[in-house]
Amino acid sequence: MVIDVKKLKFSGKDEQTFHFEEEFDDELITLPDAKFSSPVSVTGTLTLGGNEVYAEGEIEYSVEGVCSRCAESAVFQKVITFDEVYSDSDDADPETYPFAKGLVDLSEMVKEKIVLSMPFAFFCKDDCKGLCPVCGANLNFTKCKCKE
Ligand SMILES: [Zn+2]
Ligand SMILES: [Zn+2]
């Protein structure tokens, strides 16, 4: 996810849109037994401003794993917006991301955003009834006799 700012400057423009699709390591996912079900998609706009470059846009990812309540397969989809500053100055604000040699690499920022947005649990559907704590029956599909 590298954007060559030199090319952008050379073209005389100060803004560029971008779109990347990249496979990320499943280790970013903190949920058990889950993996990315498709490449992570990143779309946005890069704007030049002196020693700084502004990157804003959207990250979209989809994780497949198991429902935290009933253990059936489940998919979690998330869209995160970002609005970040990249700086190649030596005394840059610590809030900014670094870049060097005119190359802005978005990968690290995208990784951080994904990790921060990862849920602790996700469900096959919002009203998943889960498993019976006594007999283990999936209460979405059957009614066991335990509660009676
Ligand atoms: Zn479920
Ligand atoms: Zn039961």
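In this predicted model, strands β4 and β5 form a hairpin with two residues between them, and G50, which lies in the turn, has a positive phi of about 60°. The two strands of the hairpin, β4 and β5 (residues 52-66), pair in the antiparallel sense over nine bridges, and among the bridge partners is the pair formed by G49 and E52, the latter in β5. Strand β4, which spans residues 40-49, also pairs in the antiparallel sense with strand β2 (residues 15-22), in this case over eight bridges; within that pairing, E15 stands opposite T47 of β4.

The hairpin strands also contribute to the nonpolar interior of the model. The largest nonpolar core holds 15 residues, of which V53, A55 and V104 touch the most other members. The elements that give two or more residues to this core are β4 and β5, and β5 gives the most, with five residues. When neighbours within four places in sequence are left aside, V53 is in contact with V5, L46, L48, Y86, F99 and V104. In soluble globular proteins, nonpolar side chains tend to be buried together.

A further position considered here is D127, which is found in the segment after α2 (107-117). Because only 8 other C-beta atoms lie within 10 Å of its own, and a residue counts as exposed at 12 or fewer, D127 is classed as exposed. Between D127 and N140, which are 13 residues apart in sequence, the distance in space is 9.2 Å, taken from C-alpha to C-alpha.

Definitions and conventions. Residues numbered from 1 in each chain as written. Chains lettered and ligands numbered in written order. Predicted model: local features only at pLDDT ≥ 70, side-chain atom pairs only at ≥ 80, totals over all residues. Helix = DSSP H or I, 4+ residues; strand = E, 2+ residues; numbered from the N terminus. Buried ≥ 20, exposed ≤ 12 C-beta atoms within 10 Å, placed from the backbone. Pairing = 2+ DSSP bridges. Core = buried A, V, L, I, M, F, W, Y, C linked by C-beta atoms within 7 Å. Contact = placed C-beta atoms within 7 Å.
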